[in-house]
Amino acid sequence: MAIIDLGQQLLGLLDYIEISKHRLIEEKKEKKKQNYDICFIEGSPLYKDNIEALKDLRQRSKVIVVLGGCADSGCVYALKNYTNKEKAVKKVYPHSHATVFNPVVAGISAIIPIDFILPGCPITAAEFVDFVSQVLAKNSYQRSARPICYECQMKKIPCLLQQGLPCLGPVMQGGCDAVCPSAGMPCQGCRGPLPDAEWSNLEKKLKELIPQKKIDEILEIFGEKENIKKINNPLA
Amino acid sequence: MEGHASFVGDIISTGHVQQACVQTEEGSRLIEGILIGRHYSEAKTVTSRICGVCPVVHYLTAMQAMERALNITPREIDLIIRKLLEASQIIYSHALHMFFLSLPDFLNFDDDLKMAGKYPQETQIAIAIRQWAIDLQQIVAGRTIHPLSMEEGGMKKYPAKKELQVLLSRADDVIAKTIILANFFAKLEYPKFSRETEFIALGKKNEYAFYDGNLISNKKLNISEEKFYHHIEEIDRPYNLVKRTHWQGNPYFVGALARINLNHQQLHAEAKNILNHAKIKLPNFNTFYNVLAQAIELVHFACEMKKQLKNIIANYKECDIKKNIKFKIKAGQGVGAIEAPRGTLFHYYELDKNGYIIDCNIITPTAQFLANLEADLKVHLPDTLKLSKAERERRIKQLIRAYDPCISCATH
């Protein structure tokens, strides 16, 4: 949806790229299985068919790009992994739960190898445009690894952490233009942690502000709790 | 349309329809299951992710339900801001659906980009209307997809007055564009069809209800949101991840056509004008006209956005987070009900004394009208036998799309 909202910019990109398949805006049947230069995949696999589709797309695509939090880590749906999923399915489907496929939630990299990730919930549309532009220009893609704090400081947003709000900005990947802190909302890490995040330092600071249960809740909401703990403890 | 679904129809040789069934092809994310045990403040964040086309209304409805559960009466300024955002959500969604999802059916295209090539002016108009809504949601909610700035009791951050004034300065141009687009839709050819049903929507005196009200219908229904919610029948069938709903044992329709049928007297003048010139007699049970109803609402809600923008600017001194309502966390339950673009959306939550969710339920408009769509298809299918196979397929898809189903919402 974020890409459709690009509006004019999207139409402009079409001078350079061909969109072979996008199910929101067209309904053509794929006459024969097509090969793709770049395949952007959003969403996390929820059906057995999805798993087969992912393997099939991997074979037919030169490059697979993970598009957004769901495909990256499962995003908010990963909350299911922190609750009893049997209870959850019985609550939603009291009569028919036995027929509901109820997998553990994960990103698509659990099923197929992937090449690039455009993270976030939602994705930053400008990052999508940047990705396409870089690939068109030089056949490769790079993105600077900077924390959200960098972007808050550039925009002169008064630091929420210093105001006593539990913000994950120091350890999470920038590139979203600090959109949440700009609206007064502390970062909850939807883009995932930086590869060299200093989690233990931030954890110490957060423990001064809120109880451990609340820290866990914030790390769970976008499914990043395991990722952040792995960074400081790779053997976990 | 939004999300993926398939239709299975079965007509036997005597013309009798044995089966007319819409199946979702989305997996279930079990949103209501995974919200149990979470803090009340997370419901709006999580439920807005149910759908990329209508995240704003989920956020607002979750917040409304939580405020009711916590006995918070929102300040007047915050109500105005939320109505502004909901009006914006409706035109954002309607312009997308009418133009990019439904119109190809009326003009016989299977690809939006080809259609945009043949109708460049109208495409630019649809994009410009959406751009105003996108910019407004960015400025007022902090972000277009998945809002940020509103919270129970008030706002985390209010929009800047200057930015609201710039948005207001664009209003007249956008309203003029919505009128052009609505007239374009009024001139399309709509297939002939009619099946009487119950139209249900929010109703309020002196207002084209959309943010709150009683539930009303063309069959003399008039009850509170809470009462209606607690008496909806949800039907859970095996291998069908979308639970249908019935009202008093029958399918019913929610959405733009329901709202126009029930509340057209309260439309803003510019929208009423389009309705009068379209020469459709009300009550109207031709669900293909849901698309025209959306076109009329496009005009109405653009006017509504102008009105609410003026309101906020006139009362800007109230836009102060220091005036946010301070409240105590307590056990309680609340029903939120707001007219989403596709019809009435319900969120229900029950909280424990620490503000954690112990029960919840979300009933989306698509889940509510799917049974009605299937009933319509059952009646219309025999009429399509005289068409060629390709035309029949097109006609069936056209009716399904006219409803504007949001399959991601319905499945959640």
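User: In this predicted model, between which two helices of chain A does the loop that holds Asn139(A) lie?

Analyst: Asn139(A) is a residue other than glycine, yet its phi is positive, near 60°. Because only 7 C-beta neighbours lie inside 10 Å, Asn139(A) counts as exposed. The loop in which Asn139(A) lies runs between helix 5 and helix 6 (148-154) of chain A.

User: Is Lys156(A) buried or exposed?

Analyst: Lys156(A) is placed in the loop between helix 6 and helix 7 of chain A, and its phi is near 60°, a positive value in a residue other than glycine. A residue is called exposed if 12 or fewer other C-beta atoms lie within 10 Å of its own. Since Lys156(A) has 6 other C-beta atoms within 10 Å, the class it receives is exposed.

User: What is the omega of the cis peptide bond that joins Leu282(B) and Pro283(B)?

Analyst: Pro283(B) is located in the loop between helix 11 (269-278) and helix 12 of chain B. The bond joining Leu282(B) and Pro283(B) is cis, and its omega is about 0°.

User: How many residues of domain 2 of chain A are in contact with domain 1 of chain A?

Analyst: Chain A is divided into domain 1 (4-138) and domain 2 (148-232), and the centres of these domains, taken over C-alpha atoms, are separated by 25 Å. On the side of domain 1 that touches domain 2, the largest share, three residues, comes from helix 3 (residues 69-73) of chain A. In the contact between the two domains, 14 residues of domain 1 meet residues of domain 2 that number 13.

User: Which helix of chain A supplies the largest share of the side that touches chain B?

Analyst: The contact between the chains involves 40 residues of chain A and 40 residues of chain B. Helix 4 (85-92), helix 7 (179-182) and helix 9 (212-221) of chain A each supply at least two residues of the side that touches chain B. The largest share, five residues, comes from helix 4 of chain A.

User: Why is helix 4 of chain B described as largely enclosed by the rest of the structure, and how many of its residues are buried?

Analyst: A residue is buried if 20 or more other C-beta atoms lie within 10 Å of its own. Helix 4 of chain B is largely enclosed by the rest of the structure because most of its 32 residues meet this condition, the number buried being 28.

User: At which residue does helix 4 of chain B bend by about 30°?

Analyst: The 32 residues of helix 4 of chain B should span 46 Å at 1.5 Å a residue, and the end C-alpha atoms are 44 Å apart, which agrees. Just after this helix, Asn108(B) takes a positive phi of about 65°. The bend of about 30° in helix 4 of chain B is at His97(B).

User: Which helix gives the most residues to the largest nonpolar core?

Analyst: The largest nonpolar core has 189 residues, of which Ile91(B), Ile296(B) and Tyr349(B) touch the most other members. Leaving aside neighbours within four places in sequence, the contacts of Tyr349(B) include Tyr40(B), Met66(B) and Ile357(B). With 16 residues, the element that gives the most to the largest nonpolar core is helix 4 (residues 76-107) of chain B.

Conventions: Residues are numbered from 1 along each chain as its sequence is written. Chains are lettered from A and ligands numbered from 1 in the order in which they are written. This is a predicted model: local features need pLDDT of at least 70, side-chain atom pairs count only at pLDDT 80 or more; totals for chains, interfaces and linings use all residues. Two residues are in contact if their C-beta atoms, placed from the backbone, lie within 7 Å. Helices (H or I, at least four residues) and strands (E, at least two) are DSSP runs, numbered from the N terminus. A nonpolar core is a set of buried Ala, Val, Leu, Ile, Met, Phe, Trp, Tyr and Cys residues joined through C-beta atoms within 7 Å. Domain bounds come from an automatic or database domain assignment. The expected span of a helix is 1.5 Å times one less than its number of residues. The bend at a residue is the angle between axes fitted to the seven residues ending there and the seven starting there.
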